[in-house]
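Take a moment to look over the sequence and the structure that follow. The paragraphs after them go from one part to the next.

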Amino acid sequence: MIRYLHPTERALQHIADRDVVPGRITRAHLARCQRCRNVIAFSRSLEDDVAHIRGPIAGEELRQAIHARLSANDHVLLPTEIARGPSSSFGRRAAVAATLVAAMGLWLLSTRGAVASASSGELRFHPGRLSAGSIVSVEYRDAGQFADETVLVLRGRLRIPTNQSYNSALTQARLTSLARTSRGVFRGSFRVPDSVVYGAFAVENEAGDRVDSRNRELWELYATDSRGRPTFEALSQAFNDLLDVNPERALQVVRDRARLYPDDPSAWGDLVGWEGIMMGDDYADSVRPLYRPTASRLHELYSARDEVSIEVAYGMASLARAISDSAHPEFREISSYWRDRLYADTAKRSVTAAEVRLFAAQDSARKYPARTLARYEQLWRRGDSIVFFAANNGFNFARMANDSAAVVRWADRSALRNPRLLGPSVYGRLVEDSTYREVALDRLRALLRWFAQRHDAWRPLHASRVEHARDDSAIVASVFTSIGKALLASGRTAAALDTLDRATHGTWDAIVFRQVADLRLSAGDSAGAVRAYASVAADPATSRETSDSLWRRLNVSADRWRELIQEAHAEMRRRVLVGVITRPMSGAPRLATRNGAPATLDQLRGGRVTVVTFWSRYCAPSRVQFAALPTLARHLNRFGIQLVAVTGETPSRSLDEFIRSANVDFPVYYDRWKEAARMFETMRTPDYFVLDGSGLLRFANTSLEKVLTQAVALTPHMTAAAPASVGR
Amino acid sequence: MTMTALPRLREKTDDELVLLVRNGSPEAIDAIYDRYGTQLLRFAYRLIGSIDDAEDVVQDVFVGLPRAVARYEECGSFEAWLRRITARVALARMRRDTRRSRWNVHELETQRLTEDVAQRVDLEDAISRLPSSLRSVFVLRKIGGYSHVEIAAMLGIRRGTSEVRLYRAIRLLRTMLGSGP
């Protein structure tokens with residue numbers, strides 16, 4: 001006879017929780033067994049008893065503490081998710097993976113960030129999703145800034161699944177007009193173009209001089225599936241779009257994508273990567289173990305399949321590599337396995353696999369530039385999904401291979417992706433080489449004609465036409481500078497002088513002023529030379545000795561020289577402050593010193609104008625500029641301006657050695673919790689910001705070349721010293 | 001903040017209060033605090049075992065609320081949403097703190113001692129004596145009402161581990177409360 005044993009405690013718990021209905025045999029056992037019935041009864045009674053347990057009461061002291069922190073603009077980033085109730089159409093599929101993302105808990109952050117303005121209106125779409133070919137109705141409620149308008153414009157940036165990361169190669173479009181109705185709201189509609197899966201939107205008046213971009217956060221629409229869930233492609237394009245618009249929101253989106261699509265390795269690979277960038281090494285190290293079960297599960301799932309997509313193979317390789325460490329070398333093996341599959345026969349036909357192989361072989365490719373160039377040419381001809389770095393790489397390999405036709409061809413390809421930003425950069429590099437000077441000059445002149453046509457499609461959604469024109473004029477000035485220098489190098493002095501004058505009109509560039517001054521002096525134009533030299537002397541980077549030596553060349557009195565420099569100071573301030581912004585940065589992100597002692601940015605500022613620079617030794621341009629920071633710090637200190645250099649790395653001996661080798665004699669701070677990077681909304685290095693004495697952000701994402709004059713322009717006094725030599 | 005706003009706000013629904021918080025109303029935060037503050041504090045206290053830490057958790061939840069409600073969509077229970085956030089914040093704090101605090105029984109509301117109350121105090125004490133790994137699962141399941149799948153995700157464990165920890169917790173409680181092995 002088979003003896004029926006007691007159900008396991010686990011089974012009894014399931015019965016107590018009403019997760020399962022006991023079968024016939026179990027019911028019969030429970031009818032006979034008091035012990036098992038007691039276990040069930042006790043568990044069920046706990047729920048009632050626990051509900052009656054009293055405990056602490058949330059009182060007035062706690063309430064006051066909350067309000068004190070709210071008044072101090074203390075920000076806490078809570079671990080929320082796309083919150084849906086039990087009937088959510090998002091579903092709870094694979095909730096283990098789903099809430100694992102949001103439930104890290106470790107991403108509870110205390111940070112002090114900018115307070116957003118409350119002047120944004122309300123934009124609604126119906127339906128609230130993108131579907132190719134469908135009509136979307138739009139309703140906008142103004143918060144007051146468009147009170148005198150009868151018609152507004154909805155502008156948008158629409159993405160399809162093959163669009164790349166970041167927005168430099170994407171244009172914006174006017175989608176529809178919004179007409180004011182009798183009830184005061186603005187209404188319009190637009191048809192969704194084919195293949196669009198994500199859209200970012202802003203509203204502006206017809207003149208484009210007032211924009212509601214929801215405080216630069218924009219409004220969004222996603223393509224959804226039949227359950228109303230954003231599609232994977234929509235979330236991917238949202239992530240791509242947000243990378244340089246709102247990195248923190250990008251983090252939220254990449255977490256949502258992994259939660260909603262837990263079987264997609266690329267979702268997890270991107271999540272691990274972006275969390276590491278946003279949250280820092282400490283956080284990345286602590287959460288790495290939590291991703292291992294997911295990586296193992298996905299490896300088991302997909303390795304059993306003969307055919308997998310390139311995205312799966314690439315995602316698995318990336319994910320496994322990101323979570324491997326010395327204690328878990330098996331994930332390095334998993335990553336190698338998937339890399340091999342990525343390069344296997346079936347993958348060779350894929351453009352993505354070819355790109356990945358080329359990119360992975362960068363170092364050895366340098367030994368064979370001609371062969372590598374040929375592969376890039378093949379790639380370019382084959383695919384329209386080529387990654388954004390391919391154009392730049394093709395250009396570099398063409399130069400290494402000394403293939404002049406290819407150099408120009410790849411420069412044109414790079415410039416075509418974004419004439420506004422990439423054109424000046426690539427042709428500016430080309431014009432410095434005498435081999436390509438004439439063709440580069442042609443291209444730069446063509447760019448000037450392009451700028452003159454004011455292509456509104458390249459205007460960012462948050463920027464008004466005035467702001468965009470101001471940004472354009474700075475870019476145009478750089479194009480003129482490149483042309484002027486090229487003309488000078490080829491001996492066309494008069495044309496160079498005229499062009500360089502145009503380059504400095506409305507901008508400030510001491511190097512160009514010096515070239516103009518020397519040219520004018522040698523051409524016998526002393527009066528013109530004197531003013532230009534005074535501008536050089538007024539520049540904050542010019543030492544007293546240099547200023548004196550310039551004065552000695554000229555036939556002007558010491559008083560007149562001082563007067564000219566003061567006028568130049570005022571002109572410098574006027575030109576530089578044209579581009580100034582005013583953004584509150586209340587709060588104090590935590591930074592750490594080398595020995596781990598905490599410091600806040602407010603403490604470091606000490607009420608002074610402050611330059612904050614973010615740098616990384618793993619970024620080549622940042623490494624180069626880091627070596628120039630001691631000089632920058634000395635110049636800034638002359639004007640009582642503080643330099644705060646911030647790295648996202650954790651302190652280490654190798655980092656100490658790197659800092660020492662740069663002869664840095666000012667303290668470096670560590671943004672271990674990424675609070676500073678988040679407050680300044682930057683994940684780039686090198687990056688520069690200028691805060692005024694009251695802590696307002698006045699220049700953002702500026703450059704090493706400009707930051708000194710920008711910071712000095714904000715100081716209240718810029719007195720010109722009398723020349724050391726008096727009389728002749 | 002004035003008290004005169006509160007009586008009017010007491011009648012508002014959760015969704016109406018959420019809308020007011022989105023529009024920057026500090027009185028609405030007060031109203032939500034009055035409605036759910038104690039419940040959240042007690043929930044955090046059960047999880048974390050320290051009054052001070054539980055108050056810090058609740059502070060963080062309410063300070064972060066104005067920003068977090070931007071992500072709340074009015075198609076679920078606001079109370080459940082708040083409790084879920086509180087749980088995550090408390091768990092994050094527990095992961096950071098290696099130190100264990102004794103439960104501060106002096107903070108408990110005093111009550112007339114009846115047999116029932118004595119039993120509840122015993123139960124509370126028994127819960128406090130559970131190992132933290134078992135206590136977390138017990139509190140999340142029996143007080144928070146989360147499923148084992150959700151608990152597993154929150155704690156970074158397998159679903160089966162969550163189930164095992166729950167019945168071990170209950171078995172321990174049964175032993176401590178003298179209700180059997």
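Is Asp525(A) buried, partly exposed or exposed? Asp525(A) is partly exposed, and its relative accessible area is 28%. Like every value here, this figure is computed from a predicted model. The side chain of Asp525(A) forms a salt bridge with that of Arg520(A), with 3.1 Å from N to O. Arg520(A) counts as buried, at 17% relative accessibility. Side chains of opposite charge can pair when their charged atoms come close.

Arg520(A) leads us to helix 22 of chain A, since this residue is listed among the buried residues of that helix. The others on the list are Ala510(A), Val512(A), Phe513(A), Val516(A), Ala517(A) and Leu519(A). Helix 22 covers residues 510–522, and its 13 residues, at 1.5 Å each, should span 18 Å. The C-alpha atoms at its ends are 18 Å apart, so the model agrees with the expected span. At the start of the helix, a side-chain oxygen of Asp509(A) comes to within 3.1 Å of the backbone nitrogen of Ile511(A). After the helix comes Gly524(A), with a positive phi near 85°.

What covers the buried residues of helix 22 of chain A? The cover includes helix 20, helix 21 (493–504), helix 23 (526–538) and helix 25 (558–576) of the chain. Helix 20 spans residues 465–489 and contains Thr481(A). Thr481(A) is buried, with a relative accessible area of 11%. Apart from neighbours within four places in sequence, Thr481(A) has contacts with Leu500(A), Ala503(A) and Val512(A). Val512(A) appeared above as one of the buried residues of helix 22.

Now turn to the strands of chain A. Strand 8 (residues 198–205) and strand 10 run antiparallel and are joined by four bridges. Phe201(A) stands opposite Trp219(A) in strand 10. In a regular strand the side chains alternate between the two faces of the sheet. Strand 10 (residues 219–222) has Trp219(A) and Leu221(A) pointing one way, while Glu220(A) and Tyr222(A) point the other way. Residues on both sides are buried.

The loop between strand 8 and strand 9 (211–212) holds Arg210(A). The side chain of Arg210(A) meets that of Glu149(A) in a salt bridge, at 2.7 Å from N to O. Glu149(A) lies in the loop between strand 4 (135–141) and strand 5 (151–159), so the pair ties together parts of chain A that are 61 residues apart in sequence. Arg210(A) is partly exposed, at a relative accessible area of 26%, whereas Glu149(A) counts as buried, at 15% relative accessibility.

How many salt bridges are there over all chains? The count comes to 51. One of the pairs with a salt bridge is Arg605(A) and Asp602(A), at 3.4 Å from N to O. These two residues are three apart in helix 26 (residues 601–605) of chain A, so about one helical turn separates them. An α-helix has 3.6 residues a turn, so residues three or four places apart point the same way. Arg605(A) counts as buried, at 10% relative accessibility, and Asp602(A) is partly exposed, at 38% relative accessible area. Elsewhere, salt bridges that share partners join Glu60(A), Arg63(A), Asp30(B) and Asp34(B) into one network.

That network includes residues of chain B. The secondary structure of chain B consists of nine helices and zero strands. Of its 181 residues, 53% count as buried. Among contacts in chain B between residues at least 6 apart in sequence, 66% join residues at least 24 apart.

Back in chain A, strand 17 (residues 697–702) contains Thr702(A). Thr702(A) is buried, with a relative accessible area of 12%. Its side chain is joined to that of Gln710(A) by a polar contact of 2.7 Å. Leaving out neighbours within four places in sequence, Thr702(A) has contacts with Asp687(A), Tyr688(A), Phe689(A), Val707(A) and Gln710(A).

The last topic is the predictor's confidence. Chain A has an average pLDDT of 82, and 87% of its residues score at least 70. Over residues 82–118 of chain A the pLDDT stays under 50, and the model has 125 contacts beyond four places in sequence for this stretch. For residues 719–728 of chain A the pLDDT is also below 50, and that stretch has 25 contacts in the model beyond near neighbours in sequence.

Technical notes. Residues numbered from 1 in each chain as written. Chains lettered and ligands numbered in written order. Predicted model: local features only at pLDDT ≥ 70, side-chain atom pairs only at ≥ 80, totals over all residues. Heavy atoms only, no water. Buried < 20%, exposed > 50% of the residue type's maximum accessible area, 1.4 Å probe, protein only. Pairing = 2+ DSSP bridges. Salt bridge = Lys/Arg side-chain N within 4 Å of Asp/Glu carboxyl O. Contact = heavy atoms within 4.5 Å. pLDDT = per-residue confidence, 0-100. Expected span 1.5 Å × (residues − 1). Polar contact = N/O pair within 3.5 Å; in protein donor to acceptor, adjacent residues only side chain to side chain.
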